[in-house]
Amino acid sequence: MKPLGPIPAGFEAIDGELAIGGRPVSGWAEEAGRTPLFLYSRDRIERRFAELRAAMPEQIRINYAIKANSFAPLLTFVSTLADGLDIASGGELEMVRAVGFDLSRVSFAGPGKRDVELEAAISAGVTLNLESEAEAGRAIAIAERLGARPRLAIRVNPDFELKGSGMKMGGGAKPFGIDAERVPELIRHIVDAGCDFRGLHIFTGSQALSAEAVIDMQAKVLDCADRLAGEADVTLPKLNMGGGFGIPYFPGDEPLDIGSVGAALEQRFTELPETLAEAELFIELGRYLVGEAGVYVARIVDRKVSYGKTYLVTDGGLHHQLAASGNFGTVVRRNYPVAIASRFTADAEEEANVVGCLCTPLDRLADKAHLPRAEVGDLVAVFCAGAYGASASPSAFLGQGPAIEMLV
Ligand SMILES: *Cc1c(COP(=O)(O)O)cnc(C)c1O
């Protein structure tokens, strides 16, 4: 037996079946016409924003990093709740344009921006979070050619990291951002070139569950921003403090205590240095906002036994749920929260391995899970599927194609 990750609180059952948006998942599967499908709950997303806003100091603005989930209806909905959107490619710029979001509230980070992407962003009034001096040079030259005044912020590669973070994106040599010690000179260059300097962006990592680590990181971000602005002799119009708020995926994971994080920030905000006194203060989050709102539902196609072990073979798999399969940035495979959705309230009575339909041993959704006995036709739910599911999985692999997505 291998434990399953914790099912996020607040999911209910109707007639013994997992329900979402007030309806059993089999009803949604019927409406969709096929499985697998992703179901994203409006209510859960809305509640998450409300809880977060209640915990954070009032002046904190919340950006949504759309790479977590850019399904158009979800993006449209989230864009009514978020203060800004963070994008990381020209393709994502087209997505936020398509949902009609105010592009002056969009910022564009990410290494390797092509000239066409810089041009599209500058023309649209999107803020560029510059990832290198060379990128700054190209952006300024393109803006001159366009006769535009570019909105430029600098992404800092700070000299610290987010402790305990699943994916580190700052501290030491990195492809992201500009090393802190070189930032003041670039600020001066941007200001002297007559660009609209939009402040700093300091993103250090992702998927942190320790409030202490997040509090420590945020304190260092504020100190670092103050020091760099001071050295450049500017005040910051805006500081994007990064995010990194994680969600529990695996056995033993505990939810991040956002109350403590908010209280510590509130305390820091009472004594902000002059360089930050006028700054709009942002955090940027992806998975924390939408991850637990999503459920991936696949149908059992075959039930088989091999050398005494039971396999539930589904019509889903890693082509939609790369992270749950254990192949997206994990070293040791652990089980996500998984359930037999069509027997959600039934007692567990057997050990089963839930796998996908791809012809590769990598395609596993739950190993040695303790589950109710399930048959062909039953539905399996993988939780925490609202972020980095459909948007981060190789749906073309083996010619399978994408899952259906529904905002419910
Ligand atoms: C990916 C990313 C995010 C979102 O990370 P989550 O773990 O989903 O919160 C935020 N900012 C930047 C710069 C990113 O690259």
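This report describes the domains, nonpolar cores, cysteines, salt bridges and one loop residue of a predicted model.

## Domains and their interface

The chain is divided into two parts, domain 1, which consists of residues 12-40 + 292-407, and domain 2, which covers residues 70-285. Between the C-alpha centres of domain 1 and domain 2 there is a distance of 34 Å, and where the domains meet, 12 residues of domain 1 are in contact with 10 residues of domain 2. The size of an interface is often given as the accessible area lost when the parts come together. For domain 1 and domain 2 this buried area is about 1200 Å², and carbon and sulfur atoms give 71% of that area. On the side of domain 1, the residues that lose the most area to domain 2 are E292, R334 and L407, which together account for 37% of what that side buries. Although charged pairs occur elsewhere in the model, with 25 salt bridges found in the whole structure, the count between domain 1 and domain 2 is zero.

## Nonpolar cores

The largest nonpolar core holds 111 residues, and within this core the members that touch the most other members are I45, Y64, L200, L239 and F245. Helix α8, which spans residues 211-232, supplies the largest share of this core, namely 11 residues. The core also draws at least three residues from each of domain 1 (12-40 + 292-407) and domain 2 (70-285).

The surroundings of L239 can be given in detail. When residues up to four places away in sequence are not counted, L239 touches L200, I202, V221, L222, A225, L276, A279, E280, L281 and F282. One of these contacts, L200, is itself named with L239 among the residues that touch the most other members of the core. A second core, separate from the largest one, has 18 residues, and F11, I20, V25 and F383 are included in this second core.

## Cysteines

How many disulfides does a search of the whole structure find? The search finds zero. C359 serves as an example, because its sulfur is 10 Å from the closest cysteine sulfur, that of C357, and this distance is too far for a bond. C359 is exposed, with a relative accessible area of 76%, whereas C384 is buried, with a relative accessible area of 2%.

## Salt bridges

Side chains of opposite charge can pair when their charged atoms come close. A search of the whole structure finds 25 salt bridges, and three of the pairs are set out below with the distance between their nitrogen and oxygen atoms and the relative accessibility of each partner.

| Pair | N to O distance | Relative accessibility |
|---|---|---|
| R23 and E31 | 2.5 Å | R23 28%, E31 48% |
| D192 and R188 | 3.1 Å | D192 59%, R188 31% |
| D216 and K220 | 3.1 Å | D216 25%, K220 30% |

In the first row, R23 counts as partly exposed, and its partner E31 is partly exposed as well. In the second row, D192 counts as exposed, while R188 is partly exposed. D192 and R188 both lie in helix α7 (residues 183-192), where they are four residues apart, or about one turn of the helix. The third pair has a like arrangement in helix α8, because D216 and K220 are four residues apart there and so are separated by about one helical turn. D216 counts as partly exposed, and K220 likewise counts as partly exposed. Beyond these pairs, salt bridges also link K2, R333, R364 and D367 in a network.

## A loop residue, T275

Where does T275 lie? T275 is placed in the loop between α9 (258-269) and β15 (280-285). Although T275 belongs to a loop, this residue is buried, with a relative accessible area of 10%. Leaving aside residues up to four places away in sequence, T275 touches D226, A229, G230, V234, T235 and L236. T275 and D233 are 42 residues apart in sequence, yet their C-alpha atoms are 8.5 Å apart in space.

Terms used. Residues numbered from 1 in each chain as written. Predicted model: local features only at pLDDT ≥ 70, side-chain atom pairs only at ≥ 80, totals over all residues. Heavy atoms only, no water. Core = buried A, V, L, I, M, F, W, Y, C linked by side-chain atoms within 4.5 Å. Buried < 20%, exposed > 50% of the residue type's maximum accessible area, 1.4 Å probe, protein only. Helix = DSSP H or I, 4+ residues; strand = E, 2+ residues; numbered from the N terminus. Domains from an automatic or database assignment. Contact = heavy atoms within 4.5 Å. Disulfide = S-S within 2.5 Å. Buried area = accessible area lost by both parts, 1.4 Å probe. Salt bridge = Lys/Arg side-chain N within 4 Å of Asp/Glu carboxyl O.
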